[in-house]
Each structure stands twice: as C-alpha cells, then as structure tokens.
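Got the viewer open and a cartoon on screen? Let's walk through the two chains stop by stop, picking a selection each time and looking at what turns up.

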Amino acid sequence: MSRDGAAGGATVPAAPAGSAAAGPAPTRAWALKDLVLVVVLGVVFGFAYWALVQAWNGLALLMGPAGDLAQHLLLGGWLLVAPVAVAIVRRPFAGVVAEVLAAVVEFAFLGSPVGPLLLVAAVLQGAGSELPFALTRYRRFGWGVFAVSGLLGAALVFFWSAFRSGWYGQDLFALRLGLQVLSGLVLGGLLARVLVRAVVRTGVVENYAIGRAGGLR
Amino acid sequence: MSASPLRQVVPSPLARRDPTVKLALLTLVSLVALLVLDPVTPAVLYGLALVGVAVATRAPARTLLLAHVPFVAFAAGVLVVNALSRSGTLLAAAGPLVVTREGLALGVALAARTLLVGVLALGFVLSTDGVALMTSLHQHARLGPRVTYAVLAGYRMLEEMPREWTLLQHAHAVRAPLRRDGRPALGPRHHLGVVFGLLVVSLRKGERMAQALESRGLGLAPRTTWRPVPLTRGDAVLVVAVLAPLAAVLATSAALGLLEGPGTLTR
C-alpha cells in the first residue's frame with residue numbers, strides 16, 4: 001500500500017475529480033470497493049496475459065507465419081475480463097473500465113510492445129462485450145447474453161485490429177474475422193460465465209452486486 | 001515464472017523526465033505511425049527511435065536486444081503473411097505461395113511500424129516507474145484520486161504477484177499426482193488452478209484494500225500531493241527532441257514522394 005502518498009505536502013491538485021460530498025456517496029458514483037475490484041481484475045488478468053504471452057512468444061517463433069493466424073484462436077481470452085467485471089459489479093461502463101485498466105497494466109506496467117494504442121482496442125473490446133448486458137439493463141446473465149457479449153466484443157475490435165495490422169485487402173480477411181468471432185464467443189463469452197460461476201462459489205464476491213442478487217441470475 | 005514481470009527502472013536521462021509527457025509523446029507517435037504505410041518512412045523512424053532510446057535510457061545492448069525478441073517475432077510474422085496474401089505484381093512464386101511486390105512493401109511497412117512502436121514502448125517502460133507514472137497522471141493529467149489510488153493499490157499487488165504465484169504453485173504441487181521419478185506432474189490443469197487461486201486470493205485482498213483506503217477517507221476531500229513533480233525545461237527539450245525528428249522525417253519523405261497513407265491497404 002502506498003502510505004507515503006497520503007502525507008501532508010505542498011500542492012492541492014486543482015480538480016478534486018469525482019469526489020463525493022460528505023455523507024453517503026450518490027448511487028451514481030462508483031463505490032471504491034467496486035473500483036478496486038475492477039482494478040484487481042485488471043491486474044490479475046494483466047499478469048495472466050503476461051504469462052500467456054511469454055508462453056505464446058515461444059510458440060509463435062516455432063510456428064513462424066502460421067503463428068499470425070493461430071493467434072486469432074486465442075483472441076477471446078483477451079475479452080474475458082469485461083464480462084467478468086460486468087457480471088460482478090453490475091454497473092454501467094464496468095466492462096469498458098475493466099478492459100482499459102487491464103490494458104494500462106499490460107502496457108504501462110508490464111511493458112506490452114503494442115504501446116498506448118492498446119487502449120483504443122480495450123475501449124472497443126469493452127464496449128462490445130458490455131453492450132448485451134447493458135441492453136438487458138444489467139439484469140440478465142444467462143448463457144445467451146454471455147455468448148453475444150463475447151461475439152460482439154470480438155467483432156467490434158476486429159475492424160480496428162484489421163486497420164492497425166493491415167488486414168484489409170488480404171486474401172485471409174474473412175477467415176480472420178471468422179476465427180476471431182468464434183474465439184470471442186467461446187473464450188470471451190461462455191468461458192467468462194464458467195469463471196464467474198466458479199468465483200461466486202468461492203464466496204469472495206458475496207459483498208458485491210452479484211452477491212446481493214443471489215448469484216448469476 | 002519466478003522472475004518479476006515489472007522491470008527495474010535504472011537512473012537515466014529519460015527516467016528523469018515526467019511520465020505524463022513521455023506517455024503523451026508515445027501516444028502521439030503511435031497515432032502518427034498508424035497513418036504511415038510506406039516501407040521507408042517507418043523504417044527510418046525506427047532507426048532513429050532505436051538510437052534515441054539506447055542513448056536516453058542508457059540501456060545495455062543486451063537488454064535492448066532481448067526485449068526486441070517478442071515484437072521482432074510478431075513483425076516477422078506480419079511481414080511474411082502480408083507478402084504472401086496480397087494480390088499485385090508478381091515477385092516470386094513457389095508452388096501455391098506467391099509473393100507480390102505490393103504485399104512485400106506493405107509487409108515491410110507494417111513490420112517497421114511494429115518495431116518503431118515496440119522500441120518506443122520499451123523506452124517508456126525501461127525509464128518509467130509505475131508509482132511515478134500514477135503520481136504524475138494524478139498531478140498533471142487530473143486523474144481522480146480514487147482511480148489513482150485504486151490503480152496504485154493494484155500496482156503493489158502486481159509487485160507481490162510473482163511471490164503469490166510461487167506460493168500457490170507450491171501449495172498445488174503438494175497435492176499433485178506424482179510422476180514416475182517422484183516429482184509432481186504439473187500440467188496445464190495445474191496452471192489453470194494456480195491462476196484461479198491467484199484471482200480469488202487477489203479479489204479477497206482487493207476488498208480489504210478498498211476498506212483500508214475508505215477508512216482513511218480517500219476521495220472525501222481534496223488531496224495534497226507529497227513531493228509534487230514539476231514539469232521542467234528538460235521535459236520541453238524531450239518534446240522537441242522527439243517531435244522535431246518526426247516532423248523532419250515525415251516532411252522529407254513527403255518531399256521525396258515516398259510517404260503513403262492508409263489508402264495503400266485497399267489498393
């Protein structure tokens with residue numbers, strides 16, 4: 001914990017952004033608990049991705065150019081954090097915030113060579129993954145909603161990735177789209193629900209919106 | 001896995017510059033590079049960036065070389081796939097594989113861009129401490145205190161994560177089935193179990209952290225900053241040192257007729 005940061009000092013930052021007045025915080029503002037949970041998800045997934053990328057790099061070297069394609073199969077894994085965050089916190093923008101924080105951890109702390117433009121991808125992934133939940137007003141968390149979440153998350157970010165990586169005009173365009181959307185549906189959608197269910201069973205999210213709602217319903 | 005994922009920041013000229021300024025420059029150059037799609041311009045920029053990063057971070061050649069491995073591998077993949085999968089003037093053919101001139105040019109352009117952004121991101125990470133970054137963003141980019149401290153808490157957690165990982169790994173190894181030579185069999189299933197354990201432990205820790213932060217009244221009143229980091233003339237020099245060569249290379253490239261934009265993709 002960063003205790004030294006709280007000590008008295010010289011300047012007061014100009015904007016006390018987002019600070020609530022005395023008394024209970026308005027329901028619109030995020031509870032610090034929810035914010036930290038989303039950060040924690042970002043950190044754990046950032047760390048797991050980092051470990052995955054270490055393993056992945058070796059494999060990609062071995063596979064040569066085929067690695068470029070095989071990478072699409074794992075894309076869904078990058079979408080996982082958004083639906084998990086939405087399902088637990090059940091607040092608007094939870095998915096986007098979770099993706100963005102995971103991206104910040106990845107590039108600013110863990111040094112992903114993709115750089116800050118990872119944030120653009122993160123916003124798109126988060127928005128795509130969150131849209132189905134938002135449409136149900138964060139009330140329905142069945143397999144279908146999770147599947148659509150993974151599918152949209154993958155589809156939305158695809159067009160940005162395609163621009164960034166120059167896939168337009170390649171012969172493989174349709175194949176890439178197909179692989180990524182499929183991966184998003186399975187790894188970024190259905191797997192997210194499996195994971196959330198497992199987390200709920202451990203009891204650690206009892207004090208969050210998902211616990212109050214009595215689990216994944 | 002025992003190695004820390006966080007790089008140690010060593011003192012260097014670039015490490016003394018403000019993190020917000022570095023981040024803004026990195027973002028700007030990445031955005032500009034996104035729009036450049038000829039092979040020569042990004043390659044020249046990469047050369048300049050490599051020299052700049054090497055000088056400004058004083059990183060040993062070995063560090064730079066090793067850090068290059070992941071994105072060089074990625075760039076090579078991009079190069080080959082583009083060279084093989086685009087229609088255009090035939091350069092070479094071997095069986096079903098056809099290399100076109102357009103594909104090769106675009107492949108080189110994208111590979112060079114990957115290298116450029118990769119080496120700049122490397123320079124950023126080598127010279128920027130996570131805590132300094134968040135402090136600077138709080139101060140200069142007006143990032144709210146609650147977000148700042150939540151991310152800082154996450155950063156501390158990340159620092160401890162390799163240790164936590166080892167601990168969980170050992171705990172799992174105790175119960176793992178043994179191989180013939182008597183050592184525990186640690187397969188993918190085992191690793192998934194460790195990752196899940198890490199997630200659950202971290203979630204629980206996060207809840208306690210949030211309570212600790214809240215009990216200290218975080219976010220209720222305007223905060224003061226301990227050791228504020230001022231923007232200095234050095235930061236202005238850094239901005240010029242990055243933007244001037246960038247503008248010069250783009251202008252020269254345009255004057256020579258080499259510069260090309262995203263239109264190349266659909267050609």
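What pattern does chain A follow when read along the sequence? Colour chain A by secondary structure and the answer is α-α-α-α-α-α-α-α. That comes to eight helices and zero strands. Keep in mind as you click around that this is a predicted model, with ipTM 0.83 and pTM 0.83.

**Stop 1: chain A as a whole**

Select the 217 residues of chain A: buried ones make up 47% of them. Switch on contacts and look at pairs with a separation of 6 or more; 73% of those in chain A link residues 24 or more positions apart.

**Stop 2: A:Ala209**

Now zoom in on A:Ala209, which sits in helix 8 (residues 209-212) of chain A. Buried or exposed, or something in between: how does A:Ala209 count? It counts as partly exposed, because it has 17 C-beta neighbours inside 10 Å, and the cut-off for buried is 20 or more.

Which residues does A:Ala209 touch, leaving out those up to four places away in sequence? Show A:Ile88, A:Val89 and A:Arg90 as sticks and you have them. Try a distance label on the first of these: A:Ile88 is 121 residues from A:Ala209 along the chain, yet their C-alpha atoms are separated by 6.1 Å.

**Stop 3: over to chain B**

Hide chain A and colour chain B by secondary structure. Here you get eight helices and two strands, and the order along the sequence is α-α-α-β-β-α-α-α-α-α.

Next, colour chain B by pLDDT. The mean is 87, and 97% of the residues reach 70 or more. Where is the confidence lowest, and where is it highest, in chain B? Select strand 1 (residues 90-94) for the low end, at a mean of 76, and helix 2 (residues 40-57) for the high end, at 95. Where pLDDT is low, the predicted coordinates should not be read in detail.

**Stop 4: the outline of chain B**

Zoom out until all of chain B is in view. Its C-alpha atoms fill a box of roughly 65 × 60 × 35 Å along the principal axes. The radius of gyration is 24 Å, whereas a compact globule of 267 residues would come in near 18 Å. Of those 267 residues, 40% count as buried. In the contacts with a separation of 6 or more, residues 24 or more positions apart account for 74% in chain B.

To see how chain B is divided, give each domain a colour: domain 1 is 14-133 + 232-266, and domain 2 is 144-177 + 184-215. The C-alpha centres of these two domains of chain B lie 35 Å apart.

**Stop 5: helix 6 of chain B**

Select residues 145-175 of chain B, which is helix 6. Its 31 residues reach 43 Å from first C-alpha to last, close to the 45 Å expected at 1.5 Å a residue. Where in helix 6 of chain B does the kink lie? Centre on B:Glu160: the kink there is about 45°, shortly before the proline B:Pro162.

**Stop 6: B:Val78**

Finish at B:Val78, in helix 3 (residues 61-84) of chain B. Why does B:Val78 count as buried? Because 25 other C-beta atoms lie within 10 Å of its own, and 20 or more is what it takes. For one last label, pick B:Thr114: B:Val78 is 36 residues away in sequence, and the C-alpha atoms are 9.1 Å apart in space.

Key
Residues are numbered from 1 along each chain as its sequence is written. Chains are lettered from A and ligands numbered from 1 in the order in which they are written. This is a predicted model: local features need pLDDT of at least 70, side-chain atom pairs count only at pLDDT 80 or more; totals for chains, interfaces and linings use all residues. pLDDT is the predictor's confidence in each residue, from 0 to 100. Helices (H or I, at least four residues) and strands (E, at least two) are DSSP runs, numbered from the N terminus. The radius of gyration is taken over C-alpha atoms; the globule rule is 2.2 Å times the number of residues to the power 0.38. A residue is buried if 20 or more other C-beta atoms lie within 10 Å of its own, exposed if 12 or fewer, and partly exposed in between; C-beta atoms are placed from the backbone. Two residues are in contact if their C-beta atoms, placed from the backbone, lie within 7 Å. Domain bounds come from an automatic or database domain assignment. The expected span of a helix is 1.5 Å times one less than its number of residues. The bend at a residue is the angle between axes fitted to the seven residues ending there and the seven starting there.
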